[in-house]
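This briefing collects what can be read from one model about its ligand site and about a few loop residues. Please keep the sequence and the structure in view while reading.

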Amino acid sequence: MSRLYLDANATEPMRPEAVSAMAEALALPGNPSSVHAEGRAARRVLEEAREVIATRFGARGRDLVFTSGGTEANALAIRGLAAGRRVLLGATEHPAVLAAAGPDADVIPVLGDGTLDLAALEAALVSGGPALVAVMAANNETGVLHPVESISETCRRHGALLHVDAVQMPGRLPFTLGAADSMALSAHKMGGPKGVGALLLRPGLDPAPLLTGGGQESGRRGGTEALPAIAGFAAAAACPLPEGLAAMRDAIEIGVKALAPEVIIAGSGAPRLPNTTSLILPGVAAETQVIALDLGGVAVSAGAACSSGKVRQSHVLAAMGYGAEAACAIRVSLPWNAPEDTPARFLAAWEVMRGRLIAHRR
Ligand code: PLP
């Protein structure tokens, strides 16, 4: 029996279109900054990719800065735009945003369903000086969507800049820069390669660079651009959105609740990504569930796996008001190519896993 990969929010399987585009770009010998014909050929691929990605996400090519991924794009926006501003961020942000904002940032709470507390944002913006607000469009652990349009309207009324970490949106739901000032993207969350991303900027906005050097990316990010990865990024960005993920996700949730009514689905009352569910099985540690499912052929993740592979209690679920349950959540995130029998196969493996772990506890 083949394995079932349900950890798309960690990384999506590569789109074949992205693999082909990368192979073609790997064959180009030139550096996009060189003036000779080989350099100009590489530059053409770079600029075409820039236009495809910028257009797809509602920005102009000249306002897109290629980066090494979502982490760097968030850091460039937050560190590069924060001068003279206090930073406000949501309580459920990704560690990349929390780290870039630093310990002095003001944390805006979320409601029990995981969405940003708009009244708290309003109150924080009324007091204090100029602000930069950083929020995610979709949460990586629960899939919960923040009300970005309302957040952006609130920021505009108070003259605050808004940076959106949109890393988990593309490839799942339509999303553009809209009225935000900047937006972070990561190729590997939409079927492109790992290690490349972009920051999209509102026209006229110029963040201070994190990396200086050869003047690449109009001086906004030094270093030779990762051309093959960027070509793969553009090919993935151009792919149509997958269909049928929400129906599979719903079937998984209904099936799990039928097997075990005590299961809690975090954020189920809020608008969510169609591919994500956060399943809390009270009393069973997340890592135990992940290992048991892995042995059963299914790859999922714990609410928050840090890079060392150890599992911490999820700060996302804690911010939503969960106590001990915050250590008992697994994240199931369906990839763009999830097979149709995913719900049936997942539920079969989940039932075996639960049966073994509950028997083990007795
Ligand atoms: N922001 C969110 C919401 C994410 O889920 C991730 C990756 O997990 C990142 C940022 C970081 O992106 P990258 O892995 O490209 O550095």
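## The ligand and its surroundings

In this predicted model, an oxygen atom of the ligand is found 2.6 Å from an N or O atom in the side chain of Lys 189. Of the 390 Å² of accessible area that the ligand has on its own, the protein covers 85%. The points below take the ligand shell before turning to three loop residues.

**Polar contacts of the ligand**

- Besides the oxygen atom placed 2.6 Å from the side chain of Lys 189, the ligand has a nitrogen atom that lies 2.7 Å from a side-chain N or O atom of Asp 165.
- Gly 70 takes part through its backbone, where an N or O atom lies 2.8 Å from an oxygen atom of the ligand.

**Composition of the shell**

- The ligand is surrounded by 13 residues, and the closest of them are Gly 70, Thr 71, Asp 165, Ser 186 and Lys 189.
- By residue class, the shell divides into 9 polar, 2 charged and 2 nonpolar residues.
- Helix 3, which spans residues 70-81, contributes 3 residues, the largest share of the shell.

**Positive phi in the loop between strand 8 and helix 7**

- Most residues other than glycine have a negative phi.
- Glu 217, by contrast, has a positive phi near 55°, and this residue is found in the loop that runs between strand 8 (197-201) and helix 7 (227-237).
- Ser 218 is likewise not a glycine and has a positive phi of about 55°, and it lies in the loop between strand 8 and helix 7.
- Which of the words buried and exposed applies to Glu 217? Glu 217 counts as buried because its relative accessible area is 6%, which is under the 20% limit used for that term.
- Ser 218 has a relative accessibility of 68% and therefore counts as exposed, since the limit for that term is over 50%.

**Gly 192 and its contacts**

- Gly 192 is placed in the loop between strand 7 (182-186) and strand 8, and its relative accessibility of 1% makes it a buried residue.
- Leaving aside residues up to four places away in sequence, Gly 192 touches Met 14, Ala 18, Ala 187, Gly 232 and Ala 236.
- Val 148 is separated from Gly 192 by 44 residues in sequence, and the C-alpha atoms of these two residues are 25 Å apart in space.

How values were computed. Residues are numbered from 1 along each chain as its sequence is written. This is a predicted model: local features need pLDDT of at least 70, side-chain atom pairs count only at pLDDT 80 or more; totals for chains, interfaces and linings use all residues. Side-chain values use heavy atoms; hydrogens and water are left out. A residue is near a molecule or strand if one of its heavy atoms lies within 4 Å of it. A polar contact is a pair of N or O atoms within 3.5 Å; within protein, one must be able to donate a hydrogen and the other to accept it, and residues adjacent in sequence count only if both atoms are side-chain atoms. Accessible areas come from the Shrake-Rupley method with a 1.4 Å probe; for residues, only the protein chains shown count as cover. Helices (H or I, at least four residues) and strands (E, at least two) are DSSP runs, numbered from the N terminus. Ala, Val, Leu, Ile, Met, Phe, Trp, Tyr, Cys and Pro count as nonpolar, Asp, Glu, Lys and Arg as charged, and the others, Gly among them, as polar. Buried means under 20% relative accessible area, exposed over 50%, partly exposed in between (1.4 Å probe, protein chains only). Contact means heavy atoms within 4.5 Å.
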